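Okay, thanks for making time, everyone. I'd like to walk you through a structure you haven't met before, so let's get it up on the screen.

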Amino acid sequence: MNCLLDGSIPPSSGLSSSSALVCCAGLVTLRANGKTLSKVELAEICTKSERYIGTEGGGMDQSISFLAEEGTAKLIEFSPLRATDVRLPSGATFVIANSCVEMNKAATSHYNIRVMECRLATKLLSKSKGLEWRKMLRLHDVQTKLGVSLEEMLTIVEEVLHPEPYSTEEICKCLGISLEELHSQIPSQNMQDVSTFKLYQRAKHVYSEAARVLEFQKICSEAPANALQLLGELMQQSHISCREMYECSCPELDRLVDICLQSGAIGSRLTGAGWGGCTVSMVPTDKLNTFLKNVKKAYYQTDGQRLAVENNSLFATKPGRGALVFVEA
């Protein structure tokens, strides 16, 4: 099969360009071979496929690529994979702004180290609660097995994990295993290079971020008079947690978030894997043109390299439909 590819997503911008490529390839391969799969099956296969490059990524990007519907946001949940409509409030527009700092997940270890830290936190939390920790891989699994709320998991994190970084020796002691067994439990090419792990911070970010997602959905559903303000505050809390607890931001992203807020955004945060890429901001629709003008002036027109890609770096967006195959009659 011969394929010609084209696209408008800036590479390494945190806008799922790699997942878009994989999802497109999956659809084309099915079509060329006369096969069919459900959208959920296709999303799960594409998620697994993308890990062959060595990045231990999740499935959110692939899921929304297939399950998205025009005019509505989606709450994506896993085990099993499902998507629920979330009606966004009127009066606001979401704007993407590219920091112009590229982050290649496959060529750096940042992303996999965070995955590893979350797995180690999972095992220490599981062991402390008498669970079969060797079988536990995700922080979500601990919550499910214990049958507690996200808020209760945050309390457990405070009780079990300490804020100071853990050494591999301390982790082995906590789990009662050798260094060799630790390596076999958490297989990763980055394990050899990392000697300390921030387990408390990563677990706290994951559980608090999940709680913010559910709170965001609740506000959208109940639509109180101050919904936009509440949603904006959640976006702010999210970026602070990404910056300070998960440490996946960068100076340019932080500056761009600040500029977006100063330019009239109700809320702003990084999007994608982080360490570069884009911010997403919620902007009052009636202030959109002023916002775009101010951000261009403050961030893009002060730097020649950014100015050169300005037209493709700052744009308003809205929920669109997922991946489709168009067949000429």
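Before we look around, one bit of vocabulary: when I say two residues touch, or are in contact, I mean that they have heavy atoms within 4.5 Å. And please keep in mind that what you see is a predicted model.

Let's put that word to use straight away with His-162. You'll find His-162 in the loop between helix 6 and strand 4, which is residues 166-167. Which residues does His-162 touch, not counting those up to four places away in sequence? They are Glu-170 and Tyr-200. Right by Tyr-200 in the numbering is Gln-201, and the C-alpha atoms of His-162 and Gln-201 are separated by 8.9 Å, with the two residues 39 apart along the chain. Is His-162 buried or exposed? Somewhere in between: the relative accessible area is 22%, so His-162 is partly exposed, given that buried means under 20% and exposed means over 50%.

Since we've mentioned helix 6, let's step back into it. Helix 6 covers residues 150-160, and its axis comes within 11 Å of the axis of helix 4, residues 110-128. The two cross at roughly 85 degrees, which means helix 4 is roughly perpendicular to helix 6. So who makes the contact? From helix 4 we have Leu-124, Leu-125 and Ser-128. From helix 6 we have Met-153, Ile-156, Val-157 and Val-160. If you sort that contact by class, you get six nonpolar residues, one polar and no charged ones.

Now for the sheet, which is where I'd like to spend most of our time. It's an open sheet of four strands, in the order 6-7-3-8, and the pairing is antiparallel. Which strands stand at the edges? Strand 6, residues 267-270, and strand 8, residues 314-317. Each of those has a single partner strand, so one side of each is left without a neighbour in the sheet. From one strand to the next, the twist averages 25 degrees.

There's also a helix lying against this sheet. Helix 11, residues 251-262, packs on it and touches strand 3 (92-98), strand 6 and strand 7. The direction of helix 11 makes about 165 degrees with that of strand 6.

Let's follow strand 7, residues 278-284, a bit further. Strand 7 runs antiparallel to strand 6, and four bridges join the two. Within that pairing, Ser-268 stands opposite Ser-281, and Leu-270 stands opposite Thr-279. With strand 3, strand 7 pairs over seven bridges, again in the antiparallel sense. Here Ala-97 is the residue that stands opposite Thr-279.

How much of strand 7 is buried? Seven of its seven residues are. In a regular strand, side chains alternate between the two faces of the sheet. In strand 7, one side has Cys-278, Val-280, Met-282 and Pro-284, and the other has Thr-279, Ser-281 and Val-283. Both of those faces are covered.

Next, the loop between strand 3 and helix 4, where we find Ser-99 and Cys-100. Ser-99 has 1% relative accessibility, so it counts as buried. Leaving aside neighbours within four places in sequence, Ser-99 has a list of contacts that includes Glu-252, Leu-253 and Leu-256, as well as Cys-278, Tyr-299 and Arg-306. Cys-100, on the other hand, is partly exposed, with a relative accessible area of 23%. Its backbone is worth a look too: Cys-100 has a positive phi of about 70 degrees although it is not a glycine.

Glu-247 has a positive phi as well, near 50 degrees, and it is also a residue other than glycine. You'll find Glu-247 in the loop between helix 10, residues 227-244, and helix 11. At 29% relative accessibility, Glu-247 counts as partly exposed.

One more backbone detail: the peptide bond from Ser-79 to Pro-80 is cis, with omega near 0 degrees. Pro-80 is in the loop between strand 1 (73-77) and strand 2 (82-86).

Last item, from the records. UniProt, in an unreviewed entry, places the feature "domain: GHMP kinase C-terminal" at residues 225-300. Over that stretch the chain is 57% helix and 14% strand, and the end C-alpha atoms are 35 Å apart. That's my tour, thanks for listening.

Technical notes:
Residues numbered from 1 in each chain as written. Predicted model: local features only at pLDDT ≥ 70, side-chain atom pairs only at ≥ 80, totals over all residues. Heavy atoms only, no water. Axes fitted to C-alpha atoms, helices over the stretch in contact; angles between N-to-C directions. Parallel < 35°, antiparallel > 145°, perpendicular 65-115°, else oblique. Nonpolar A, V, L, I, M, F, W, Y, C, P; charged D, E, K, R; others polar. UniProt positions renumbered as here; feature names shortened; annotations may be inferred. Pairing = 2+ DSSP bridges. Buried < 20%, exposed > 50% of the residue type's maximum accessible area, 1.4 Å probe, protein only.
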